[in-house]
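Please open the model in your viewer and keep the sequence beside it, so that each selection can be followed in turn. The stops below take up a few side-chain pairs, one histidine and one packing of helices.

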Amino acid sequence: MLENPVLIREMSLGGRVLSLETGRLAKQASGAVLVKYGETVVLVTATVAKNTRDIDFFPLTVDYEERLYAVGKIPGGFIKREGRPSEKAILSGRLIDRPIRPLFPKHMRNEVQVVATVLSVDQDNAPEIAAMIGASAALHISKIPLKKPIGGVIVGRVDGQFVINPVVRQAENSDMHLVVAGTDDAVMMVEAGAKEVPEDQILEGIMFGHEVVKEIVQFIEDFRQEALSMGLAQEKMVIPEPEVDTAMEEAILPKAEGVIREAVLHCSREKLSKKEREAYMEEVLTGLQETFLEQFPDNPKEIMMLIEKAEKKVVRRMITHDKLRIDGRAIDEIRPISVEVGVLPRTHGTGLFTRGQTQILSVATLGSISDEQILDGLGLEESKRFMHHYNFPPFSTGETKPMRSPGRREIGHGALAERALEPMIPPEEVFPYTIRVVSEAIESNGSTSMGSVCGSTLALMDAGVPLKAPVAGVAMGLIMEEDEFTVLTDIQGLEDHLGDMDFKVAGTAKGITALQMDIKIPGITREVFEQALAQAHRGRMYILGKMLEVLPEPRAEISQHAPSIIRTSIHPDKIRDVIGPGGKIIKKLVEETGADIDIEDDGRVFIAAVDRERGKRALQIIEAITAEVEVGKLYTGKVTRVTDFGCFVEVIPGVMGLQGKEGLVHISQLAFQRVEKTEDVVKEGDIITVKAIGYDHQGRLKLSRKEALKDLGMTPEEGPGDKGERRERRLFRSPKVAKE
């Protein structure tokens with residue numbers, strides 16, 4: 001065996017080199033792989049605990065660790081080090097977790113931790129894809145019993161052509177962002193955002209991506225085999241199957257299945273609510289346990305496990321063979337829908353969407369451009385003006401739990417709804433607002449995330465946001481028994497718990513905007529995808545129809561409680577005049593008017609104020625500050641100073657205590673005739689009309705009263721005196737001069 005061997009292997013992926021390396025770094029982890037994709041570098045480790053835990057689930061943790069040095073940044077804030085993970089990091093961790101979780105032994109209770117540390121980021125090569133491939137490779141070369149390795153790619157579509165792992169330039173022109181992960185024989189996970197792409201094109205994109213996934217899986221298989229030959233990989237640990245008491249199983253399962261079937265049929269016939277059904281089924285299951293405890297008094301836990309196994313088998317068989325659901329619905333039937341808007345008096349927009357016993361209250365808030373979220377992460381995006389947040393309080397399921405900050409579920413569901421709605425949000429130049437929508441899951445019995453899409457669409461329309469098109473979402477389920485499968489439309493909580501797939505599809509009448517698929521079995525086929533997408537389309541159209549019956553289009557006006565935004569533009573050189581030294585002028589402007597004022601580098605100005613009159617006042621002040629005197633134009637102004645050589649006239653008044661713009665009327669320009677003393681024609685405080693005739697070599701404004709008189713039609717013969725002065729005053733007050 002080589003001393004300190006290192007294995008490095010490469011493959012071409014999307015036209016760039018992907019390399020895997022093991023044996024040099026993090027050698028105390030169960031498995032460690034350094035992934036390089038272009039200039040993106042991610043270290044992924046997989047570690048397993050020696051001892052099992054006494055719990056009823058598999059303890060898998062996937063941590064995606066962002067390091068801002070990877071893009072040459074120092075973290076913002078006071079502490080100057082990475083703190084809690086960003087939303088992107090949490091979502092990336094979930095992206096890796098979801099396709100690998102179903103591939104571990106169901107009875108495994110050893111804790112497994114996968115850590116992906118992002119060391120360097122090349123924006124053309126997504127670190128989350130490198131991390132996913134690295135996680136698969138690290139697990140596969142370790143002793144951790146992953147059944148099969150996975151691969152993952154991003155599929156884009158540019159000019160109608162599918163592209164694997166599009167670079168930034170391609171991604172900007174792509175109408176889909178489709179993450180496909182799977183094994184060599186099945187798709188395990190799909191995450192998609194799209195710009196109203198039809199179902200058939202989404203399906204083709206998934207299949208296109210899976211073909212490349214197969215190549216990645218084979219690459220990882222070959223990598224493991226070579227690593228084994230070099231002593232860099234381990235044989236898989238064996239997780240013993242839990243012992244089964246055959247006598248107990250034979251005694252309990254047949255009887256339990258019969259009793260449970262009758263109970264489920266009762267729930268279906270009576271169409272019991274979630275709470276009624278849970279109470280009824282709990283009574284039945286507890287009764288069964290008590291009955292069998294007489295026969296097996298020392299095994300209460302094992303008895304309940306067998307009863308739950310019987311319940312799962314009964315419900316799944318009834319759905320697949322009898323096409324019967326526990327609430328009595330048809331396979332493709334959607335629960336009753338109720339829609340309300342404008343339910344909260346002081347918010348900017350609200351939508352209350354109820355589907356069966358899933359209820360979402362979504363609230364939209366409109367803010368100024370300065371309210372946009374600043375992002376401190378590894379991506380190119382530095383801010384975003386549309387945010388969707390999701391809350392899942394414990395009372396929504398009738399439970400009591402500590403109320404803490406948003407977890408992975410809340411962040412994931414919020415991001416999915418945000419992805420579904422974002423393509424329909426009008427651009428800033430059309431609707432210059434920052435938009436935040438919060439979805440409160442106030443009752444939950446299946447697919448609150450898709451309910452949030454519907455409720456949030458209603459809230460945005462109620463707020464007067466001119467959406468390009470309304471968006472709705474529906475969750476599909478799958479029960480697969482041997483060679484038979486049944487796709488369920490609008491799954492509820494129990495069907496999600498006992499089923500094999502959670503397939504969420506959101507979109508408009510035209511096409512899909514977001515899609516997410518998670519499964520609990522080792523992959524699904526194209527046939528299942530086709531049926532699920534077809535049923536989802538019918539369900540989405542039905543839900544959209546119910547929504548549009550209540551609110552057919554966005555409101556024509558925004559809420560009276562939302563800020564009105566006035567837009568204007570100034571020359572970029574004038575920005576400093578509005579800001580003032582140390583921000584003094586703009587601070588005073590905000591204090592005086594109460595408006596929020598945002599000035600972009602290109603000179604665009606956004607004035608936001610709930611009171612529109614205050615916004616108009618702010619606009620007037622900004623226009624006064626940035627106004628320029630145009631040569632050749634007439635101005636009526638106030639004489640501010642009188643000197644021996646002429647007078648100074650303020651042609652643009654000052655605002656907020658700032659000096660206005662004034663120019664000199666030389667004594668030779670005061671009148672047609674020769675003027676001996678300035679005071680013979682004007683005195684301080686007089687209002688006179690002048691013409692801007694140019695600037696001197698020092699940039700000082702030159703004005704002429706004489707030229708203004710000519711433009712107003714006076715002649716030298718009218719000269720000074722009462723008659724001339726009366727005509728001058730009459731001309732100065734004419735509509736023509738006032739307008740100019």
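Select Glu111 to begin, and colour it by accessibility if your viewer allows this: in this predicted model, Glu111 has a relative accessibility of 33% and therefore counts as partly exposed. Add Arg53 to the selection, and you will see that the side chains of Glu111 and Arg53 meet in a salt bridge, at 3.6 Å from N to O. The pair joins distant parts of the chain, since Glu111 belongs to strand 6 (residues 110-120) while Arg53 sits in the loop between strand 4 (40-52) and strand 5 (60-66), 58 residues apart. Arg53 is also partly exposed, with a relative accessible area of 38%.

Next, select Arg24 and Glu21, whose side chains form a salt bridge at 2.5 Å, N to O. Arg24 is partly exposed, at a relative accessible area of 45%, whereas Glu21 is buried, at 5%.

Now move to Arg329 and Glu495, where another salt bridge is found, with a distance of 3.9 Å from N to O. This pair too links distant parts of the chain, with Arg329 in the loop between helix 7 (300-322) and strand 11 (337-341) and Glu495 in helix 10 (residues 493-498), 166 residues apart. Arg329 and Glu495 are both buried. Widen the selection to take in Arg325, Asp327, Arg335, Arg355 and Asp490, which are linked with Arg329 and Glu495 in a network of salt bridges. Across the model, the count comes to 46 salt bridges.

For the next stop, select His413, which lies in helix 8 (residues 408-421). Is His413 buried or exposed? With a relative accessible area of 9%, His413 is buried. If you leave aside the neighbours within four places in sequence, the residues in contact with His413 are Tyr390, Thr448, Ser449 and Lys504.

Finally, select helix 9 (residues 448-462) together with helix 11 (residues 526-550), which pack at an angle of about 30° with their axes 11 Å apart. Angles under 35 degrees count as roughly parallel, so helix 9 is roughly parallel to helix 11. Helix 9 passes helix 11 in a right-handed crossing. To see the contact itself, show the side chains of Cys454, Thr457, Leu458 and Met461 on helix 9, and those of Ile543, Met547 and Leu548 on helix 11. Coloured by class, this contact of helix 9 with helix 11 shows 6 nonpolar residues, 1 polar residue and no charged ones.

Technical notes:
Residues numbered from 1 in each chain as written. Predicted model: local features only at pLDDT ≥ 70, side-chain atom pairs only at ≥ 80, totals over all residues. Heavy atoms only, no water. Salt bridge = Lys/Arg side-chain N within 4 Å of Asp/Glu carboxyl O. Buried < 20%, exposed > 50% of the residue type's maximum accessible area, 1.4 Å probe, protein only. Helix = DSSP H or I, 4+ residues; strand = E, 2+ residues; numbered from the N terminus. Contact = heavy atoms within 4.5 Å. Axes fitted to C-alpha atoms, helices over the stretch in contact; angles between N-to-C directions. Parallel < 35°, antiparallel > 145°, perpendicular 65-115°, else oblique. Left-handed = near helix turned anticlockwise from the far one by under 90°. Nonpolar A, V, L, I, M, F, W, Y, C, P; charged D, E, K, R; others polar.
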